[in-house]
Amino acid sequence: MRTVIVAAGIVIEGAEEMGPSGKKVLLSRRKSGTHLAGLWEFPGGKVEPGEDPRAALRRELEEELGIQTTIGEIVDVTFHRYDDADKAVLLLFFEARREASSPEPRAIDVAEVGWWSADMLDPAAFPPADVAVLTKVRRRLEA
């Protein structure tokens with residue numbers, strides 16, 4: 001079983017003065033024909049051998065969603081085995097902020113993109129490896 005390192009971004013936007021309902025997190029939906037197709041996830045992708053995970057995340061967000069970002073601190077790290085795909089993933093979740101000059105996110109190499117509020121974060125909509133971080137993301141959205 002091989003282990004893949006994946007960097008994922010927690011991109012939160014919205015007016016804090018509007019309260020928790022004004023803050024949303026950016027998610028992307030996995031394309032059909034891929035492992036875990038149709039599930040929503042925090043956008044990002046594989047870290048290439050020797051690549052800095054922050055640089056990988058910046059690259060993946062641009063390739064998949066067309067956005068330019070600044071990558072911040074690590075939010076969480078999880079490890080999950082997908083026996084059905086004969087692989088394991090080490091997921092590094094980072095804070096990410098869209099740069100002021102960045103366009104709106106669009107589905108370039110994903111099925112769909114969307115902004116989700118805390119009450120929309122149903123674990124059943126996510127790959128098992130992403131579920132553990134949902135509590136931390138909810139807290140950030142509700143702060």
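How many helices and strands make up the secondary structure of the protein? I counted three helices and seven strands. I note at the outset that this is a predicted model.

**Fold order**

I read the elements along the sequence next. The pattern is β-β-β-β-α-β-β-β-α-α.

**Overall dimensions**

I looked up the radius of gyration and found 14 Å. A compact globule of 143 residues would have a value near 15 Å, so the protein agrees with that expectation. I then took the box along the principal axes. The C-alpha atoms fill roughly 45 × 30 × 30 Å.

**Surface and burial**

I looked at the accessible surface, which comes to about 7,300 Å². Carbon and sulfur atoms account for 50% of that surface. Of the 143 residues, 45% count as buried.

I also checked the contacts between residues at least 6 apart in sequence. Of these, 63% join residues at least 24 apart.

**Charges**

I tallied 19 positive and 25 negative charges. Their mean positions lie 2 Å apart.

**Nonpolar cores**

Which residues have the most contacts inside the largest nonpolar core? I found Val25, Phe42, Leu121 and Phe126, in a core of 23 residues. I then asked which elements feed this core. Strands E1 (2–14), E2 (23–29), E5 (69–82) and E6 (87–98) each supply at least two of its residues, and so does helix H3 (134–142). The largest share, four residues, comes from E1.

I found another core apart from this one. That core has 14 residues, among them Val11, Leu57, Leu65 and Val110.

**Phe126**

I listed the contacts of Phe126, leaving aside neighbours within four places in sequence. Phe126 is in contact with Leu27, Leu39, Trp40, Glu41 and Phe42, among others. The list also includes Trp116, Leu121, Val131 and Leu134. Two of these partners, Phe42 and Leu121, I had already noted among the residues with the most contacts inside the largest core.

**Ile67**

I turned to a loop residue. Ile67 lies between helix H1 (53–65) and E5. Is Ile67 buried or exposed? Ile67 counts as buried, because its relative accessibility is 0%, and the cut-off for buried is under 20%.

What does Ile67 touch beyond four places in sequence? I found Leu26, Leu61, Glu62, Arg98, Ser102, Pro103, Glu104 and Pro105.

Last, I took the separation of Ile67 from Val25. The two are 42 residues apart in sequence. In space they are 14 Å apart, C-alpha to C-alpha.

Note on methods
Residues are numbered from 1 along each chain as its sequence is written. This is a predicted model: local features need pLDDT of at least 70, side-chain atom pairs count only at pLDDT 80 or more; totals for chains, interfaces and linings use all residues. Side-chain values use heavy atoms; hydrogens and water are left out. A nonpolar core is a set of buried Ala, Val, Leu, Ile, Met, Phe, Trp, Tyr and Cys residues joined through side-chain atoms within 4.5 Å. Buried means under 20% relative accessible area, exposed over 50%, partly exposed in between (1.4 Å probe, protein chains only). Contact means heavy atoms within 4.5 Å. The radius of gyration is taken over C-alpha atoms; the globule rule is 2.2 Å times the number of residues to the power 0.38. Accessible areas come from the Shrake-Rupley method with a 1.4 Å probe; for residues, only the protein chains shown count as cover. Lys and Arg count as positive and Asp and Glu as negative; His and the chain ends are not counted. The place of a charge is taken as NZ of Lys, CZ of Arg, CG of Asp or CD of Glu.
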